[in-house]
Every structure is written in C-alpha cells, then in structure tokens.
Amino acid sequence: MPRSRPTRTAAVVALLLAAATACGDAGGLQGAGPTETAVSPDKLWPKLTPASSPAYVIGEVNRKVVKGVTVPGGDIRDVDPVAVVRKEIAESPGDYRGEDAPYHRTGSLMAQCDKGAGRGGCPVLQPYYRDLTGDGHPDLTVGFRLMPGKTTAVRVYTVEKRRLVQVMEWDDAVSAVELAGRSVIIRSPSEVAGYEYRLQWTWDADQKAMLLTHDEMLRTGPRKKTPRPSPSSAASPPSAASPSRSAPPPGGSPAASTP
C-alpha cells in the first residue's frame, strides 16, 4: 500500500496542471499601461547668487514665557485655559476693547467664561492635552474664536521649570485642527474651489518650539479625469528645462512672451 502514494501524487499534480491551463492567467499580474519616464530635476539660474538672509521676517520660531502664570505643581492641567487667554487679551487691549477693536466681540464674551472653557457663550474652546514635546508630560492646546469674524486662534503651551511657555501661535479661518504625534495640523479653506490649505507645525527640540514644517494646498473635491498618455508620448522623455527662446539678444529689445 505505501508504494501507491507516488502514483496518487502524480495524478493530483496532473489535475492541477490541467486546471491551471484551463483557467489561463486569471489572478496573475496585469500591466497598468505605460508610465512616465523619470527625469532628474533641473537647477535654474546656476549663476544666481544664493541669498544669505530672508526677505521677510515672519517669526518662524514662536516661543515666549507667559508672564504672571506659574505652574507650581508642574502639571499643565492645573492651568486655567481661560486665564491664559485673558492674559493674552490684556497684553493687546486695542484688539479686544472698544467697538472699533477688530475682536471686540471676543473681548465682551469673555465675561461668559466663568463656568470654564467650551461652555455657554465663552469664546475659549475646549482645551486638549497631549505630549507634543516628547518629555513624557502633557502639553496644552488652546483655541479661541476671534469675533465678530470667523477666525480662530490656536496656541500651544508647555511647562519648563514650572513656568508656562507658549511654543506655537497661529490665527486663521480654521476648518479642522488635528494632533498627530509631535505635530499640530491645521486645515483651512482655500479661495480655489475644491482645494484646502494644510499647515503642519512640528516640535523642534533645538528651537524648543513648534516649527511650520509643511505648508500645502491639497485637493478636497473630485478629481477631473485626464486622458492617459499615448504609448508614443510616454516612451519619449520630456525635454530638459532650458532658457526661454524669447530672451532678447545682448543689446536687443525683448520679444513679447507669455510668462
């Protein structure tokens, strides 16, 4: 009886081969069509002198100690977010007090924050706690509405030597705010239909602040169908970038061209 096993195995293999032949190439890999040829980047204007300083000062690093607010126990959860916002408002009274102030509505509604952030008509939103600095302790993310407009202020605070330190500041028309890892992500509407802005701040241990690491415009609506490139066009790589042919000769007048 044991000698019959090879015969049975051969029969099974034959049946499997026959079934595979009958099914053809079902389930196998299929080609996705021609792909574009990879092209290395072209460096433009190689003789241009590299800039050594920024053209504009936009405050890439936002870091400051919040004066008058201490954290005796070192736990940032003991800090009142409403008190922190009131401290910021007190430092810029011209923005919040008086009918001509751009955020006078926020200034007047702060009187409704006695029950805490995120309650009633208080413009201070619910606070969130998460370790964004990587020190094992929670940090504080605060948001408050800048009214009568539709702008939201977003702030991030941490604790250093029992002092409250602001490490991120941004005001914008906000669609959504997310905390991911060591990052704060803010999504804002764009004036271009079907797109939104996505800004990401990430903790930087050297600067001890949240730095703007990504600034993108992303599509949110459905994509328009684009025709596939023909095999002939896909086979030929795009030409390398070269100076415009409309550039005037030395001493000549420039020719009309479209930028």
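Let me begin with T106, which is found in helix α4, residues 104–109. The model I am presenting is a predicted one. In this model T106 counts as buried, at 0% relative accessibility. Its side chain reaches the backbone oxygen of R145 at 2.7 Å. If we set aside residues up to four places away in sequence, T106 touches I89, Y96, P123, R145, L146 and M147.

M147, the last residue named there, leads to a point of backbone geometry. M147 and P148 are joined by a cis peptide bond, with omega at about 20°. P148 is found in the loop between β3, residues 139–146, and β4, residues 151–160.

While we are on the backbone, two lysines deserve a mention. K161 has phi near 55°, a positive value in a residue other than glycine. K161 is found in the loop between β4 and β5. With a relative accessible area of 77%, K161 is exposed. K208 also has phi near 55°, again a positive value in a residue other than glycine. K208 lies in the loop between β8, residues 195–204, and β9, residues 209–219. Is K208 buried, exposed or partly exposed? Its relative accessible area is 41%, and K208 is therefore partly exposed.

I turn now to strand β5, which spans residues 163–172 and contains Q166. Q166 is buried, with a relative accessible area of 2%. Which side chain does the side chain of Q166 meet in a polar contact? The partner is the side chain of Y157, at 3.3 Å. Leaving aside neighbours within four places in sequence, the residues in contact with Q166 are N62, R63, K64, V66, E88, R155, V156 and Y157.

Two of those contacts, E88 and R155, return in the next topic, the charged pairs. In general, side chains of opposite charge can pair when their charged atoms come close. How many salt bridges does the structure hold? There are 8. One of them joins E169 to R155, with the closest N and O atoms 3.7 Å apart. This pair links distant parts of the chain, since E169 is in strand β5 and R155 is in strand β4, 14 residues apart. The two partners can also be described by their accessibility. E169 is partly exposed, with a relative accessible area of 29%. R155, by contrast, is buried, with a relative accessible area of 2%. Beyond the pair itself, E88, R155, E169 and D171 are linked in a network of salt bridges.

A further group of charged residues involves R187. The side chains of E178 and R187 meet in a salt bridge, at 3.1 Å from N to O. R187 also forms a salt bridge with E196, where the closest N and O atoms are 2.7 Å apart. As for the acidic partners, E178 is partly exposed, with a relative accessible area of 33%. E196 counts as buried, at 13% relative accessibility, because the limit for buried is under 20%.

Next, the cysteines. A disulfide is a covalent bond between the sulfur atoms of two cysteines. How many disulfides does a search of the whole structure find? The search finds 1. That disulfide joins C113 to C122, with a distance of 2.0 Å from S to S. Both C113 and C122 are buried. What is the handedness of this disulfide? The torsion about the S-S bond of C113 and C122 is about 95°, so the disulfide is right-handed.

Finally, the surface. L44, W45 and L48 make a nonpolar surface patch of about 400 Å². One member of this patch, L48, is found in the loop between α1, residues 5–23, and β1, residues 64–70. L48 counts as exposed, at 60% relative accessibility, because the limit for exposed is over 50%.

To close, I return to two of these sites. T106 is buried and its side chain reaches the backbone oxygen of R145. Q166 is buried in turn, and R155, with which Q166 is in contact, belongs to the salt-bridge network that also includes E88, E169 and D171.

Methods:
Residues are numbered from 1 along each chain as its sequence is written. This is a predicted model: local features need pLDDT of at least 70, side-chain atom pairs count only at pLDDT 80 or more; totals for chains, interfaces and linings use all residues. Side-chain values use heavy atoms; hydrogens and water are left out. Helices (H or I, at least four residues) and strands (E, at least two) are DSSP runs, numbered from the N terminus. Buried means under 20% relative accessible area, exposed over 50%, partly exposed in between (1.4 Å probe, protein chains only). A polar contact is a pair of N or O atoms within 3.5 Å; within protein, one must be able to donate a hydrogen and the other to accept it, and residues adjacent in sequence count only if both atoms are side-chain atoms. Contact means heavy atoms within 4.5 Å. A disulfide is a pair of cysteine sulfur atoms within 2.5 Å. Patches are made of residues with over 30% relative accessible area and no salt bridge: like charges are joined within 9 Å, nonpolar side chains (Val, Leu, Ile, Met, Phe, Trp, Tyr) within 5 Å. Accessible areas come from the Shrake-Rupley method with a 1.4 Å probe; for residues, only the protein chains shown count as cover. A salt bridge is a side-chain nitrogen of Lys or Arg within 4 Å of a carboxyl oxygen of Asp or Glu.
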